[in-house]
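Biologist: I should like to learn how features of a protein model are read. May we take them one at a time?

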Amino acid sequence: MRFHQNELEPMLTFAETILLAAADPVQDLALGLLPPRAIVGALACVRPSWLAAMQRARFRRTLRLVAARSPFYREQFRRRRIRVERIEHPAQLGDFYTTGEDLRMYGAEAFLIERPDTAFETTGTTSPVPKRLFFSKREMERAGKLAALSLRLLGLKKADRVASAFDCSFWVSPAVLRAALNEIGCFHLEAGKIDPQEFHARVRVYRPTVIFGEPSWLVRLSETAAANGTWPVKFLFAGGENIVEQTRRWIESVWQAPLYLNYGQTEAFGALGIECPAQDGYHRNDLDFFFEIADADAEGYGELVYSTLTRSVMPLIRYRAGDLTRLVEEPCTCGWPARRIAKVRARCDEMVVCGMGNVGPWVFAELLGDSAASEWQATVRHDGVRDVIELQVETDRSASELEQQTRARLRQRFGDFWKNYEMGLYELRVHVVPHGALRGAQRKLRRIVDARPTANGRGSLTLSMGSRQ
């Protein structure tokens, strides 16, 4: 489906058209040619009013594109009688949001506005049906340049040697990382998510100075390295699941190097924000996203919502991320000018990201089979440096029988979760409890409880370079 530019231009003001025509190529050129510190310096000089004008212009353009070309948004705006030509800020859309359930229910094709070049999926969510996301080569290159900028600011240089243990199956992070490392031009190898002991034995000969992997995988690698030897590392970089600060500090003590974390989602095509050396929240990308907080409490914490501003294949308007956090406007001690997303306190649904993977209630219901008719609850805890999933079931069956069945179903039906179990990324414990013990006086039993501590003691972090949600 093709549209002439003049079909959309009348909806934008003359000033916005000029701003977009000038700013878009300048930003792309700067990402490709300027040194990282020069880009940071330029951003530090940007007035808040200019940034707000840029966000508004990009949002208005995106809103008009999806209203014209996306079957989903066109129908939603028609039903809600939303006149997009009057909208200048996401908040003016009122109670309209896009959700992960929309992506599943209507299908990715209902969101497309241009021909895609590639696709990725999110797995292990609150539903067994994955969400599919489409992108273009241009969007891939742009994501790679932005990731390269962040990694350069953390100290990654062309002379470094990088080893990645990211799982390449339908996950966006390995692709974005590859694009970033190609942009930097450094030596890199993709080992994939193999057993940490095998990784240590085979990769140490390359002496990588930077290592990428999921937090639970890095825990096992660090245990292996503590027993068999480390080598000089500039930093480690984690994405894809949660980590508690105690575990981060232990990994850093093993390698004598910092561990940086990324926050993002596949829907965002990688990073929404990245940690700086201060490790105090994620510096956010306000040039490519419009961030909001829905249902904020007195402290400003609520569900993160974002609108994409530069996507041309599958833009998302007011997408509910499902993570509880707040937007930090105060300057960071590191000196980076980008504002931040605070560390995530919890999920707004019953999905948990842990060493097992991204798991929702349906996963444990499938593992229990007929036993799921009884009351059950899964609790994710932290034991030392490893995640532990404790599955409590009200049943008359013996604990040993139920645990044997659960492990057998895990091996047969969830290959990725079983692979993580075999690599020792988490422990699974099954307990039988008396009838009535779980629900008590509760009207609704929470199926999954994340009891891991964070710095503020309020729940678990969702950390990702493209969260496998």
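Modeller: The discussion below turns to cavities, a buried arginine, cysteines and a helix residue.

Modeller: This is a predicted model, in which local features need pLDDT of at least 70, side-chain atom pairs count only at pLDDT 80 or more, and totals for chains, interfaces and linings use all residues. Residues are numbered from 1 along each chain as its sequence is written, and side-chain values use heavy atoms, with hydrogens and water left out.

Biologist: How many cavities of 30 Å³ or more does the structure hold?

Modeller: Rolling a probe the size of a water molecule over the atoms shows where empty space is left. A cavity is a set of points, on a 1 Å grid over the protein atoms alone, where a 1.4 Å probe fits but cannot get out. Grid points are joined across faces, edges and corners, and a volume is the space filled by probe spheres set on the points. The structure holds 3 cavities of 30 Å³ or more, and the largest cavity has about 100 Å³ of space.

Biologist: Which residues lie closest to the centre of the largest cavity?

Modeller: Lining residues have an atom within 4 Å of a point. Here 16 residues line the largest cavity, and Ser216, Val219, His382, Val385 and Asp387 are the closest to its centre. The largest share of the lining, 4 residues, is given by α9; helices (H or I, at least four residues) and strands (E, at least two) are DSSP runs, numbered from the N terminus.

Biologist: Is Arg340 buried or exposed?

Modeller: Buried means under 20% relative accessible area, exposed over 50%, and partly exposed in between (1.4 Å probe, protein chains only). Arg340 counts as buried because its relative accessibility is 5%. Arg340 belongs to strand β14 (residues 340-341), and a polar atom of its side chain lies 2.9 Å from the backbone oxygen of Asp280.

Biologist: How many disulfides does a search of the whole structure find?

Modeller: A disulfide is a covalent bond between the sulfur atoms of two cysteines. For the search, a disulfide is a pair of cysteine sulfur atoms within 2.5 Å. The whole structure yields 0 disulfides. Cys45 counts as exposed, at 63% relative accessibility, whereas Cys354 is buried, at 0%.

Biologist: Where is Val176 found?

Modeller: Val176 is in helix α7 (residues 172-184) and is buried, because its relative accessible area is 3%. Val176 and Ala143 are 33 residues apart along the chain, yet their C-alpha atoms are separated by 6.4 Å.

Definitions and conventions:
Polar contact = N/O pair within 3.5 Å; in protein donor to acceptor, adjacent residues only side chain to side chain. 1 Å grid on protein atoms, 1.4 Å probe; cavity = no way out; pocket = protein on both sides within 12 Å on 5 of 7 lines; lining within 4 Å.
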